[in-house]
Amino acid sequence: MPFLTPDVPPVEPAEFLTRPRQERIRVLATFWSEYGFGTPKMVHTIYIVKLLVLYIGGGVALATLTSDVGGPLDVGQWWDQPVIYQKLVLWTVFLELFGIGGTWGPLAAHFKPMTGGISYWARPDTIRLPPWPGKVPLTSGDNRTPFDVLLYLACLGSLLYAAFAGPATIDGIPFAMVDPVLMLVPAVLLVLCGLRDKTLFLAARGEQYLPILLVSSAVGSILTFTDFIVAAKLIIVIVWVGAAISKMNPHFENVVPPMVSNAPFTPKWVKRAHYRSLPGDLKPSKVAWFMAHVLGTTAELVVPLVLLFSTSWPLTLLAVGAMVLFHLFITQTFPLAVPLEWNILFAYIAVFLFAGHFAGDGYAITDLSEPWLLPVLVVALFFFPVLGNLRPDLVSFLPSMRQYAGNWASATWAFKPGAEAKLNQLKKPAKNQIDQLVDGMGYDPDVAEMTMQMTLSWRSMHSQGRGLFSVLQNYLGDEYETYSLREAEFCCNAIIGWNFGDGHLHDDQLITAIQRRIGFEPGEFVVVWVESQPIHKPTQAYFVMDAALGIVERGTWRVRDCVDAQPWLPDGPVPTEVTWRHPQYHPALGSPEVTA
């Protein structure tokens, strides 16, 4: 039955694995264009049930039954109440930080077990990744301690306590809200957790929810209720606008077709329409361009600005409806990392803020109580997006507001035969994905391997994948065919419990932490890693790292060369410019091997 069984490529797995690597990428990329990952509809049903029952049902019940605004079905009484908005944010942050929000389950390469998150972060001696270990006191090291576990559990507890707490009456505020102190405590704990391990801050989507917690904690002291609403509007508008600006790049057209192809309920003719000519040409079609830059980028830029400045009630309602449909469209595609809860919350926030607190009723940006508030809020909210677009090496793509723009820091891991199994020596609750499929789910080893190579084909359909595979071919030479290649984002999930497509979570910092624990021999574990493209440069900078030797090569490639190539590189590797190379070690050039 299609509901229970996956769609699979029309090839025999054992024979398929004997083909040249780029031929395999061609076959799987072509398959992806019509079937996506091929996941059984049963898996998507699990996500839908989680979304409807745990997130929406559980969140609405929790928020309404603890806030004196009527029951869950009394929507007319509670939909525009600020305490409901606050509690749904708290509930969302809790689920994300617990590990059962985004990046959960098989669509995020958590096959068995399906939950990362708490099973890693509440366990001492797992790997943690401090953002500034040499600069922030008391954060150095990469080993999770009992203190880290207690700090993490305290943050979870503070979120849940605030969500269950009854509403507070605040002097001068016309509506009951969550006690500002209860909003401040999880904000502070989240920052402390993030300084010890950036993974936790990013998993909680701190770049978006921390500002909400902070402005909520200032209500009644620094901010009036109107200030709070206007600040909340600025927060969500800057998320939208920042994402739109980040998508004004040559990468984004390559993002839309594989995303639509992975949408389980989209007709095949719609999927095919996003490519120029299947199966020979997988470049984006004019339909994909329209979806990316008109219905996507332009709408995500213009409509939020209309919401922020409009004092026309009909125009505002149209814009609210447009943003609700925008987030529902993303939800039904089940994008990798599956940020379903985030999209549903943002659809609700659009209704709550802009329809429930219409600018024409006194909630416009001109209604702030103090003239200094607007520039302070705008500068604070735009700081990391601006810095992240200019210096992506300094800021994760999440605080940079570059969600799903295609301009990602990315990596491919390459293992000599048998070396990948060494990763299972790490202290972590989940085995490597290939072992989860074989040992945990009973896959035939050849089928499991072909499944893992589907992720490589997905990466090849994006611009940076073509650069990564080009560098690997140049670096490994004839050995390119003998190594096992893995998509780093998925491998990262099994090691630190979470990844949202952020290459900064599996850069040289993580590889060094892994090497310290395992001790790979030279050549056993090779990584090609690339940074996001700065907004003002036409190139991306990459490095090659041998886990045993450190970084052995640096260079750049032109983004346009990658965008113009087919996923399987039929014309050979895209051109790269090597800016530095290890003087003694380069397999393709026949340099003598060195010891670590």
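Analyst: A helix here is a DSSP run of H or I with at least four residues, and a strand is a run of E with at least two, both numbered from the N terminus. In this predicted model, alanine 109 is placed by that naming in the loop between helix 5 and helix 6.

User: Why is alanine 109 called buried?

Analyst: The word buried is used for a relative accessible area under 20%, and alanine 109 has 2%, so the residue counts as buried.

User: What makes the phi of alanine 109 worth pointing out?

Analyst: Most residues other than glycine have a negative phi. Alanine 109 is not a glycine, and yet its phi is positive, at about 70°. Aspartate 68 is another residue other than glycine with a positive phi, near 55°, and its place is in the loop between helix 3 (41-65) and helix 4 (75-78).

User: Is aspartate 68 buried or exposed, and how do you know?

Analyst: The cut-off for exposed is over 50%, and the relative accessible area of aspartate 68 is 72%, so aspartate 68 is exposed.

User: What makes the peptide bond between lysine 112 and proline 113 stand out?

Analyst: Most peptide bonds are trans. The bond joining lysine 112 and proline 113 is cis, with omega about 5°, and proline 113 belongs to the loop between helix 5 (82-98) and helix 6 (118-121). The bond from leucine 278 to proline 279 is also cis, with omega near 0°, and proline 279 is found in the loop between strand 1 (275-277) and strand 2 (281-284).

User: Why does lysine 247 count as buried?

Analyst: Lysine 247 has 8% relative accessibility, and the limit for buried is under 20%, so this lysine falls in the buried class. The residue is found in the loop between helix 11 (225-246) and helix 12 (256-261). Once its neighbours within four places in sequence are left aside, the residues in contact with lysine 247 include Phe252, His293, Glu300 and Tyr404.

User: How do you know which strands stand at the edges of the sheet?

Analyst: Six strands form an open sheet in the order 4-3-5-6-7-8, with antiparallel pairing. Strand 4 and strand 8 (576-581) each have a single partner strand, so one side of each is left without a neighbour in the sheet, and these strands stand at the edges. Neighbouring strands are turned against each other by 20° on average, direction ignored.

User: What makes strand 3 and strand 5 a pair?

Analyst: Two strands pair if DSSP finds at least two bridges between them. Strand 3 (residues 410-415) and strand 5 (residues 525-530) have six bridges in the antiparallel sense, so the condition for pairing is met. Within this pairing, tryptophan 413 has valine 527 in strand 5 as its bridge partner. Against the sheet packs helix 21, which touches strand 3 and strand 4 and whose direction makes about 80° with that of strand 4.

User: How many bridges join strand 6 to strand 7?

Analyst: Eight bridges join these two antiparallel strands, and one of the partnerships is that of tyrosine 542 with glycine 555 in strand 7. Strand 6 and strand 7 form a hairpin with three residues between them.

User: Why is alanine 547 called buried?

Analyst: With the limit set at under 20%, the 7% relative accessibility of alanine 547 makes it count as buried. Alanine 547 lies in the loop between strand 6 and strand 7. Although alanine 547 and phenylalanine 520 are 27 residues apart in sequence, their C-alpha atoms are 6.6 Å apart in space. Leaving aside neighbours within four places in sequence, alanine 547 is in contact with Ile511, Gln515, Phe520 and Phe525.

User: What makes two residues in the lining of the largest cavity count as charged?

Analyst: Asp, Glu, Lys and Arg count as charged. The lining of the largest cavity includes Arg459 and Glu489, so these residues belong to the charged class. The whole lining divides into seven nonpolar, one polar and two charged residues, and the cavity has a volume of about 110 Å³.

User: What is the volume of the largest pocket, and which residues lie nearest its centre?

Analyst: The largest pocket holds about 1400 Å³ of space. Its lining has 48 residues, of which Trp132, Phe384, Leu394, Val395 and Ser396 lie nearest the centre. By class, this lining has 31 nonpolar, eight polar and nine charged residues.

Notes. Residues numbered from 1 in each chain as written. Predicted model: local features only at pLDDT ≥ 70, side-chain atom pairs only at ≥ 80, totals over all residues. Heavy atoms only, no water. 1 Å grid on protein atoms, 1.4 Å probe; cavity = no way out; pocket = protein on both sides within 12 Å on 5 of 7 lines; lining within 4 Å. Points joined across faces, edges and corners; volume = space filled by probe spheres on them. Axes fitted to C-alpha atoms, helices over the stretch in contact; angles between N-to-C directions. Contact = heavy atoms within 4.5 Å. Buried < 20%, exposed > 50% of the residue type's maximum accessible area, 1.4 Å probe, protein only.
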